[in-house]
Amino acid sequence: DHSLARINQTDERIKAFITVDEEGARSQAAKLDAVAGRATDKPLFGLPIGLKDNIVTEGLITTCASQFLRNYNPIYDSTVASKLKDAGTITMGKLNMDEFGMGGSSENSSFHVTRNPWNEAYVAGGSSSGSAAAVAAGQVYFALGTDTGGSIRQPAAYCGVVGLKPTYGLVSRFGVVAFASSFDQVGPITKNVEDAAFALQAIAGYDKSDTTSANVTIPDYSKALDGNVAGLKIAVPREYLGEGVDPQVKEAIQQALKQYESMGAVVEEVSMPHTEYAVATYYLLSSSEASSNLARFDGVRYGVRAENPDNLLDLYLKSRSEGFGPEVKRRIMLGTYALSSGYYDAYYLKAQKVRTLIKQDFDQIFEKYDVVIGPTVPKPAFKVGDYQGDPLTMYMNDICTIPASLSGVPAISIPCGMVDGLPIGMQIIGKAFDESTVLKVAHAFE
Ligand code: GLN
């Protein structure tokens, strides 16, 4: 009741949801009431949550914010959705995003733009826009987002909440609509770090239905939250605080680093020399993967089918022309070009090699340091419409989040101050499968 009331009160302005599932939520709640005596084996018992709308939910329309899937009613649950149900959560509905995850502000959603709860003239970030805004506006206790190049961390930073992108392979992608399969990860957006540990606990773990799922032992994440960072080594890449970073953002990060030093951590400046190639590498590779993944949307198998086609090819062309928005088309064209014969070696293959160099930057740093810290985004949230028609400026905005995505390592964004009434996010990046240290360091700052 509380969550529905809050959604009714605020969502006309915030527009975090694409679908509010009042009936489903009430029926899940009623079922939980019936087993209340056994609540102890359901660690997230009765918590109202929301899911980004690219996370497949049985019997609940899953649109990816695309007109192509506006009528897609899945016949199964993604692994993460079913794990959360088992843990006792109540799904309030599906949250807005940039179409298929492509964007950083929900301005690429084919439904509506989600507003920043701190100031509605500003974007909530993206692509997990609704997930971050719903948590910040108190509509749900936590939400799941997905992160391909920053889509959990950036909106979390803009909305003043916590967003965790786990190590690639830690959380199952089964039933999560693919954007770029070698990058996509599901993770929690929460009000604080402790909640992130609990939410991650519920969704992490091996899944035989996902071929890239990692078979690793899952630790008790909340055990790491002991506030003790003495002796811990923090690397601060100078490339993350260079040109283009808002001076007030820089100042907030430097203050935070001083706080870590006062708690006994060792802070040192380092260089990650391949950072400058990260954005180009990411957009080439992720668009290539997207062009291949999105080939499945042909007007036959899923979603909307164009009317009155002349023949089969015409059915594909019409369905795709009508179903996809302009940014999705741009990525498909870029990706198809980079993968085509004659260009493959110059673009796709070259980008794969640079991806390895960027990963090696991290390998070297993590031989000596426990975590890497910097801003999540170079600037606070921008106004709705500010970057309209300027995709390259939008892409450059991902400079701080993309390196961890290319390397598959875990990273969290936590609030670390305000500029003109808008939150600033600090990013903590860790070693592969060392979410415990990332959470520990994040928690110690709160
Ligand atoms: N902004 C980035 C993009 O548009 C990241 C998106 C994401 O992580 N899903 O590709």
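A crossing of two helices is called left-handed if the near helix is turned anticlockwise from the far one by less than a right angle, and right-handed if clockwise. The exercises below apply this and a few other ideas to a predicted model.

**Exercise 1. Describe how helix 6 and helix 14 pack, and say which residues make the contact.**

Step 1. Begin with the geometry: helix 6, which covers residues 193-203, and helix 14, which covers residues 435-445, have axes 9 Å apart and pack at an angle of about 160 degrees.

Step 2. Turn the angle into a description: angles over 145 degrees count as roughly antiparallel, and helix 6 and helix 14 are therefore roughly antiparallel to each other.

Step 3. Add the handedness, which for the crossing of helix 6 and helix 14 is left-handed.

Step 4. Find the residues: helix 6 contributes Val193, Glu194, Ala196, Ala197 and Leu200, while helix 14 contributes Glu435, Leu439, Ala442 and His443.

Step 5. Sort these residues by class, and the contact of helix 6 with helix 14 divides into six nonpolar, one polar and two charged.

**Exercise 2. Decide whether helix 14 is mostly covered or mostly uncovered, and follow Val441 as an example.**

Step 1. Count the buried residues: eight of the 11 residues of helix 14 are buried, and the helix is mostly covered.

Step 2. Name them: the buried residues are Glu435, Val438, Leu439, Lys440, Val441, Ala442, His443 and Ala444.

Step 3. Ask what does the covering, and the elements over the buried residues of helix 14 include helix 6, strand 11, strand 12 (411-419) and strand 13 (422-430).

Step 4. Look at Val441, a residue of helix 14. A residue is buried if 20 or more other C-beta atoms lie within 10 Å of its own, so Val441, with 25 C-beta neighbours inside 10 Å, counts as buried.

Step 5. List its partners: leaving aside residues up to four places away in sequence, Val441 touches Val229, Leu232, Val371 and Ile428. For Leu51, which is 390 residues from Val441 in sequence, the C-alpha to C-alpha separation is 27 Å.

**Exercise 3. Work out how helix 8 and helix 11 are arranged.**

Step 1. The axes of helix 8 and helix 11 (residues 345-368) are 9 Å apart, and the two helices pack at an angle of about 125 degrees.

Step 2. Helix 8 and helix 11 are therefore oblique to each other, and helix 8 passes helix 11 in a left-handed crossing.

Step 3. On the side of helix 8 the contact is made by Ala278, Thr281, Leu284, Leu285 and Ser288, and on the side of helix 11 by Tyr347, Tyr348, Ala351, Gln352, Val354, Arg355 and Ile358. By class, the contact of helix 8 with helix 11 holds eight nonpolar, three polar and one charged residue.

**Exercise 4. Place Cys64 and Asn308 in the chain, and decide for each whether it is buried or exposed.**

Step 1. Consider the backbone: phi is near 55 degrees in Cys64, a positive value in a residue other than glycine, and phi of Asn308, also a residue other than glycine, is positive at a value near 50 degrees.

Step 2. Locate each residue: Cys64 belongs to the loop between strand 2 (48-52) and helix 3 (79-86), whereas Asn308 belongs to the loop between helix 8 (278-293) and helix 9 (312-323).

Step 3. Judge the surroundings: Cys64 has 30 other C-beta atoms within 10 Å and is buried, while Asn308 has 7 C-beta neighbours inside 10 Å and counts as exposed.

**Exercise 5. Follow the chain from Gly126 through helix 4 to Gly138.**

Step 1. Start with the peptide bond from Gly126 to Ser127, which is cis, with omega near 10 degrees. Ser127 lies in the loop that joins strand 5 (119-123) to helix 4 (129-136).

Step 2. Continue into helix 4, where eight of the eight residues are buried, so helix 4 is largely enclosed by the rest of the structure. These buried residues are Ser129, Gly130, Ser131, Ala132, Ala133, Ala134, Val135 and Ala136.

Step 3. Finish just after helix 4, where Gly138 takes a positive phi of about 70 degrees.

**Exercise 6. Characterise the surroundings of the ligand.**

Step 1. The ligand is surrounded by 13 residues, of which the closest are Gly101, Gly104, Thr148, Gly149 and Ser151.

Step 2. Sorted by class, the shell around the ligand has nine polar, two nonpolar and two charged residues.

Notes: Residues numbered from 1 in each chain as written. Predicted model: local features only at pLDDT ≥ 70, side-chain atom pairs only at ≥ 80, totals over all residues. Axes fitted to C-alpha atoms, helices over the stretch in contact; angles between N-to-C directions. Helix = DSSP H or I, 4+ residues; strand = E, 2+ residues; numbered from the N terminus. Parallel < 35°, antiparallel > 145°, perpendicular 65-115°, else oblique. Contact = placed C-beta atoms within 7 Å. Nonpolar A, V, L, I, M, F, W, Y, C, P; charged D, E, K, R; others polar. Near = placed C-beta within 6 Å. Buried ≥ 20, exposed ≤ 12 C-beta atoms within 10 Å, placed from the backbone.
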